[in-house]
Amino acid sequence: MNVEAWQAVESERQATRDLRLRELFAKDGRRAERFTLEAAGWTLDYSKNRITPALMRRLVELAEASGVERWRDAMFAGEAINATEGRAVLHTALRNQKAEPLLVKGEDVMPGVREVLERMGEFSDRVRTGKWLGFTGKRIKYVVNIGIGGSDLGPAMACQALQAYAKRSIAMYFVSNVDATHLMETLRAVKPEQTLFIVASKTFKTQETMTNAETAKEWLVQALGDKRAVARHFVAVSTCRELVEDFGIDVANMFGFWDWVGGRYSLPSAIGLPLMIAIGRRNYQKMLKGYFKMDQHFLKAPLARNMPVVMGLLGVLYSNGYGAESYAVLPYDQYLARFPAYLQQLDMESNGKSVDRQGRRVTCHTGPVVWGEPGTNGQHAFYQLIHQGTRLIPCDFIGFCKSHNPSGDHHDKLMANFFAQTEALAFGKTAEECRAEGVAERLVPFRVFEGDRPTNTLLAEELTPETFGALVALYEHKVFVQGVLWNINSFDQYGVELGKVLAGRVLAELVETEPPVLRHDASTNALISRYRAAQGRA
């Protein structure tokens, strides 16, 4: 982090740290207007944060000094900003609506992006209209996506988020865990002659994905009695033609993507094939339009009025200024139930780093712990800690003015809670207010709410493919901004590899017929021996 610019932020924070939100709102009748932004169908009200205009100016200066604009422009231009892997970071190309060429290593990538999107559209049309038939001549009624990480979290979250736009006659399932229970419970819910499997693995070597895919193939062949059935019931999202073909999938039904697309940013790529099948290519294009609108806002808006930049700066303020270790994302829409889980990978895999771009140990805290649940469920679970606990937990509240399922006063009650919670967190309740309400003196300490718990409010008219795409892009760019501020590479993920390497060695020891010589620590050796004994292999 830029030391001089951060010191200016910290100096201003210290000067205003004793100000209360009640006082700030009372003194400034335009505070809500001053700290509200509009972009791509979204309104961000960030007035209920521990900020003043002067502090926000210092934060924007931090963004300027850290080179946010320079890094942003380099990313959009296709420069290899993922230095450790020597790659461009160009997920924005997947939703680019411009006609101009976009070069990576001298090659225009846009024709390839458009070609894959067109092939996805043609294939999804055939499945949705019943022109694509299974091996026995029946229509596809079930789609099972087999992937893990970005090949699962994104499309699974999006299919639920946009369920209101989905073709209800096709049921979507997602299998990720190598635990056989995940696959077997899914297979019990589908019929082999009407099931399409999408195997999503860039290398077609991902252990969890390929284990599940091979088991699903055995199940299908056994049920339909012919290996040729695989070509009618399996397609691939991959770049490895040879392994796809060896699996039995017709390479005409292989949809590729590129090494400049990170897994956690890959939803708008061929990884989104199950989503396109679910909602159709027109709605999918509307989602890409929403992504693009937020991309353009991030690219062009001044830093002080730039929604991803402001959200990123506020997150750094609480992580590094106030010592907040986590933040909660609280969507008040059941369709977004899996959005916090999606953000966990996006944020923590991107910015969970302890080494900066130069390979030095960082000198400040980086990525926070991300968590959350839909409202109002969370109110009856963990809101107690947010309101009256000892930890500071900044929160993002996400809501919509209209519901896809209007029924009586359900949505009014949902949104009443949405607005009330941010008000309660900001302003709390004083001892005097408790006493005025007739609270017994001995109970007053238990009924006091300190307030000054920071929140962002994100509000859109309705959850549509377009506003959904813009929302995902908003958080992508927010995470990017924070990576720049912390001077870390948000686009590699070496931390996921060590456990995988060790797992390969342990697996061989678990399944050996003869007792292996174990050379782990005493704890791991004992646990492996206990497992082998339970399996009858001791």
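**Close-up views of a predicted model**

**View 1. Serine 326 stands opposite valine 369 in strand 11.** The model shown here and in the other views is predicted. Strand 10 covers residues 326–331 and pairs with strand 11 in the parallel sense. Three bridges hold the pairing of strand 10 and strand 11. Helix 14 (residues 339–351) packs on the sheet. Helix 14 touches strand 10, strand 11 and strand 12 (395–400). The direction of helix 14 makes about 165 degrees with that of strand 11.

**View 2. Six strands make an open sheet with mixed pairing.** The strand order is 1-2-13-12-10-11. Which strands stand at the edges? They are strand 1 (36–39) and strand 11 (369–371). Each has a single partner strand, so one side of each is left without a neighbour in the sheet. From one strand to the next, the twist averages 15 degrees.

**View 3. Strand 12 runs parallel to strand 10 and pairs with strand 13 in the parallel sense.** Strand 10 is joined to strand 12 by four bridges. Strand 12 and strand 13 (residues 455–460) pair over six bridges. Cysteine 395 of strand 12 appears in both pairings: alanine 328 stands opposite cysteine 395, and threonine 455 in strand 13 is a bridge partner of cysteine 395. Is strand 12 enclosed or open? Six of its six residues are buried, so strand 12 is largely enclosed by the rest of the structure. Both of its faces are covered. Cys395, Phe397 and Gly399 are buried on one side. Asp396, Ile398 and Phe400 are buried on the other.

**View 4. Five strands make an open sheet with parallel pairing.** Here the order is 6-5-7-8-9. The edge strands are strand 6 (171–175) and strand 9 (254–255), and each pairs on one side only. Strand 8 (residues 234–237) runs parallel to strand 9, joined by two bridges. Valine 237 stands opposite phenylalanine 255 in strand 9.

**View 5. Helix 9 and helix 12 pack against the strands of the five-stranded sheet.** Helix 9 (residues 207–224) lies across strand 5 (142–146), strand 6, strand 7 (195–200) and strand 8. Helix 9 runs at about 155 degrees to strand 7. Helix 12 touches strand 5, strand 6, strand 7, strand 8 and strand 9. The direction of helix 12 makes about 145 degrees with that of strand 7.

**View 6. Helix 12 (residues 273–300) meets helix 13 (residues 307–321).** Their axes come within 7 Å and cross at roughly 70 degrees. Helix 12 and helix 13 are therefore roughly perpendicular to each other. Helix 12 contributes Met294, His297 and Phe298 to the contact. Helix 13 contributes Met307, Pro308 and Val309. Of these contact residues, five are nonpolar, one is polar and none is charged.

**View 7. Helix 5 (residues 68–76) packs with helix 12 at an angle of about 140 degrees.** The axes of helix 5 and helix 12 lie 10 Å apart. The two helices are therefore oblique to each other. Arg72, Asp73, Met75 and Phe76 of helix 5 make the contact with Asp295, Phe298 and Leu299 of helix 12. This contact has four nonpolar residues, three charged and no polar.

**View 8. Cysteine 364 and cysteine 401 are both partly exposed.** The relative accessible area of cysteine 364 is 21%. For cysteine 401, relative accessibility is 48%. How many disulfides does the whole structure contain? A search finds zero.

Definitions and conventions
Residues are numbered from 1 along each chain as its sequence is written. This is a predicted model: local features need pLDDT of at least 70, side-chain atom pairs count only at pLDDT 80 or more; totals for chains, interfaces and linings use all residues. Side-chain values use heavy atoms; hydrogens and water are left out. Axes are lines fitted to C-alpha atoms, for helices over the stretch in contact, and angles run from 0 to 180 degrees between N-to-C directions. Angles under 35 degrees count as roughly parallel, over 145 as roughly antiparallel, 65 to 115 as roughly perpendicular and the rest as oblique. Contact means heavy atoms within 4.5 Å. Ala, Val, Leu, Ile, Met, Phe, Trp, Tyr, Cys and Pro count as nonpolar, Asp, Glu, Lys and Arg as charged, and the others, Gly among them, as polar. A disulfide is a pair of cysteine sulfur atoms within 2.5 Å. Buried means under 20% relative accessible area, exposed over 50%, partly exposed in between (1.4 Å probe, protein chains only). Two strands pair if DSSP finds at least two bridges between them.
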